[in-house]
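Please open the model in your viewer and keep the sequence panel visible beside it. The tour moves from stop to stop, telling you what to select and what is to be found there.

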Amino acid sequence: MCKKILWIFLILPTLSKSQDIPTQADSLLRNYSSQGLFSGNVAILRKGKVLFSKSYGYSNVAAKKPNGPATQFRIGSVTKTFTAALIMRLQERGKLSLEDKISKYLPDYRFGDSITVRNLLNHTSGIRSFTSIDQFQQEKMKMSGIREVIGTFFNMSLLFSPGSNFQYSNSNYLLLGYIAEKVSQKSISDLLRDEITGPLGMKATGFDSDQRKSTYKALGHEATIRSDHDISPANNIGLLSGAGAMYSTVEDLMRWERAMYGNQILSDSSKVQMFRPYLKNYGLGWEVSKHMGRLSYSHSGSIDGFKSNIQLFPESETAIIFLSNYFNTPGPEICAALEAIAFNEPFQMPSEIKAISLSQSQLGIYTGDYLLQNKLKKAIVLENGKLLSKIEGQPTVSLRPIGAHNFYVPMNGVYIRFGMDPNGNTVSLKVIDGKRELEFNRKK
């Protein structure tokens, strides 16, 4: 009897930890949501069991339509985990090899003989990312196909010799999607359905387009100078293809997480290759890292109006799935706290960011030009009752007053603190981003 009582006391701490996960995760996410900093779905799983899953905010803010378990979010670069799996499946079937030179599939590409499929998968190709090329950003809404996107970087020189360095590039996964289509003689959408989402029963996952209609489709939102939760503009998402064009739900991504532990989609040999870190701890479609001694496989996504993250801890078969339709959510900060909660470690609740009201004359004292190292100029101006920050070549951002000489910038999640002299005049401003601070001095 005594032994039984002792055994019960020994397991009670473990039980209470698991039971605390829903309470702590909900408290954390309600805190962010109540401040307008999070809208979306989150799940925490262990060995296939759902420890926590809940929805917050709205799939359509203007219509006050709440997010729910079936809400479909764009997942951005989490798409790369699926594209990599498609390539591995094609290799298993003998349709291609990771050691193939990409000249086999792009015979007119001048660097094709020096780049392999593996180089594309682990971002060691040296090909520039098309999303960082001005031509793509300026012309994307007029483009109608992947070949046009490939044309934006096709004739550009490589950033480095293939295999010698790491540079994350969306062009790599765009080309992988193109190669998969060429090898399979199917569209990447059909290939995904036949090879992954169909077998796994992922009925609410696929490649998106701006024209896709669904009652479960979340609208992307972002902070602008007009509103803290403005609808993100159309971006011709289909052009991102294998690099970042997919949508999914929290429930479907739970199925994707479980597929990483069986052989229904990939063989053990393929998974060993996929989860082996190469340069900068990037495997094949997954980031491989260790934190607090825990092995982690993860990938994040960031696309107009949406943030996402999937993180697997294979040693304990724990997973965290994070989907948000608010671009300005502090995703990494939230996910770090969720990881701490999942493993019963200390975490920090966000401090409350509560806006205060200031008069035009009170806001006016902060206007002027501020210089960083006498080079970069930041202009603080007052327009239509709002204090705005302008730097040439960068988007104008709105400053939200939250305290004496302190402001929050919803568009990029930083704080601005103005320095004052004894006479109440502004002499400087600091941009505070976590532990990093940049000080601008007011131009005299």
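Select strand E14 (residues 368-372) together with strand E21 (residues 436-442) in this predicted model, and you will find that the two strands pair in the antiparallel sense over 2 bridges. To place one of these pairings by eye, colour Tyr-370 and then look across to E21, where its bridge partner is Arg-442.

Keep E21 selected and add strand E20 (residues 426-433), which pairs with E21 in the antiparallel sense over 6 bridges. Within this pair, Ser-428 has Asn-441 in E21 as its bridge partner. The hairpin of E20 and E21 has 2 residues between the strands, and Gly-434 there takes a positive phi near 65 degrees.

Next add strand E19 (residues 414-420), which is joined to E20 by 6 bridges and runs antiparallel to E20. Ser-428 is worth a second look here, since Gly-419 stands opposite Ser-428 in E20.

Which order do the strands follow when they close into a barrel? If you select them in turn, the order is E14-E15-E16-E17-E18-E19-E20-E21, so that 8 strands close into the barrel with antiparallel pairing. From one strand of this barrel to the next, the twist averages 30 degrees. As a reminder of what holds such an arrangement together, strands of a sheet pair through backbone hydrogen bonds, either parallel or antiparallel.

Now clear the selection and move to an open sheet of 6 strands, whose order is E2-E1-E13-E12-E11-E10 and whose pairing is antiparallel. Strand E2 (49-56) and strand E10 (287-291) stand at the edges of this sheet, and because each has a single partner strand, one side of each is left without a neighbour in the sheet. The twist in this open sheet averages 15 degrees from one strand to the next. At the E2 edge, select strand E1 (residues 40-46), which is joined to E2 by 7 bridges and runs antiparallel to E2. One pairing to pick out is that of Leu-45, whose bridge partner in E2 is Val-50.

The helices come next. Two packed helices are described by the angle between their axes and the distance between the axes. Select helix H2 (79-92) and helix H6 (residues 170-184), whose axes come within 10 Å and cross at roughly 40 degrees. H2 and H6 are therefore oblique to each other, and their crossing is left-handed. If you show side chains, you can follow how Lys-80, Thr-83, Ala-84, Ile-87 and Leu-90 in H2 meet residues of H6, among them Asn-170, Tyr-173 and Leu-176.

Leave H2 in place and replace H6 with helix H7 (residues 188-200), whose axis comes within 11 Å of that of H2, with a crossing of roughly 70 degrees. That makes H2 roughly perpendicular to H7. At this meeting, residues of H2 including Phe-82, Ala-85 and Leu-86 meet residues of H7 including Ile-188, Leu-191 and Ile-196.

Is Ala-85, your next selection, buried or exposed? Ala-85 lies in helix H2, and because its relative accessible area is 0%, Ala-85 is buried. Leaving aside its neighbours within four places in sequence, Ala-85 is in contact with Ile-196, Trp-256, Leu-266 and Met-274. It is also worth drawing a line from Ala-85 to Gly-285, for these two are 200 residues apart in sequence but 7.9 Å apart in space, C-alpha to C-alpha.

Go back along the chain to Ser-77, which is in the loop between strand E5 (73-74) and helix H2 (79-92). Although Ser-77 is in a loop, Ser-77 counts as buried because its relative accessibility is 10%. The side chains of Ser-77 and Lys-80 are joined by a polar contact of 2.8 Å. Beyond residues up to four places away in sequence, Ser-77 touches several others, including Tyr-168, Asn-170, His-299 and Ser-300.

For the last stop, select two loop residues with an uncommon backbone angle. Most residues other than glycine have a negative phi. Lys-64, in the loop between strand E3 (58-60) and strand E4 (65-66), has a positive phi near 55 degrees, and at 53% relative accessibility Lys-64 counts as exposed. Gln-185, in the loop between H6 and H7, has a positive phi of about 60 degrees, and at 68% relative accessibility Gln-185 counts as exposed.

Technical notes. Residues are numbered from 1 along each chain as its sequence is written. This is a predicted model: local features need pLDDT of at least 70, side-chain atom pairs count only at pLDDT 80 or more; totals for chains, interfaces and linings use all residues. Side-chain values use heavy atoms; hydrogens and water are left out. Helices (H or I, at least four residues) and strands (E, at least two) are DSSP runs, numbered from the N terminus. Buried means under 20% relative accessible area, exposed over 50%, partly exposed in between (1.4 Å probe, protein chains only). A polar contact is a pair of N or O atoms within 3.5 Å; within protein, one must be able to donate a hydrogen and the other to accept it, and residues adjacent in sequence count only if both atoms are side-chain atoms. Contact means heavy atoms within 4.5 Å. Axes are lines fitted to C-alpha atoms, for helices over the stretch in contact, and angles run from 0 to 180 degrees between N-to-C directions. Angles under 35 degrees count as roughly parallel, over 145 as roughly antiparallel, 65 to 115 as roughly perpendicular and the rest as oblique. A crossing is left-handed if the near helix is turned anticlockwise from the far one by less than a right angle, and right-handed if clockwise.
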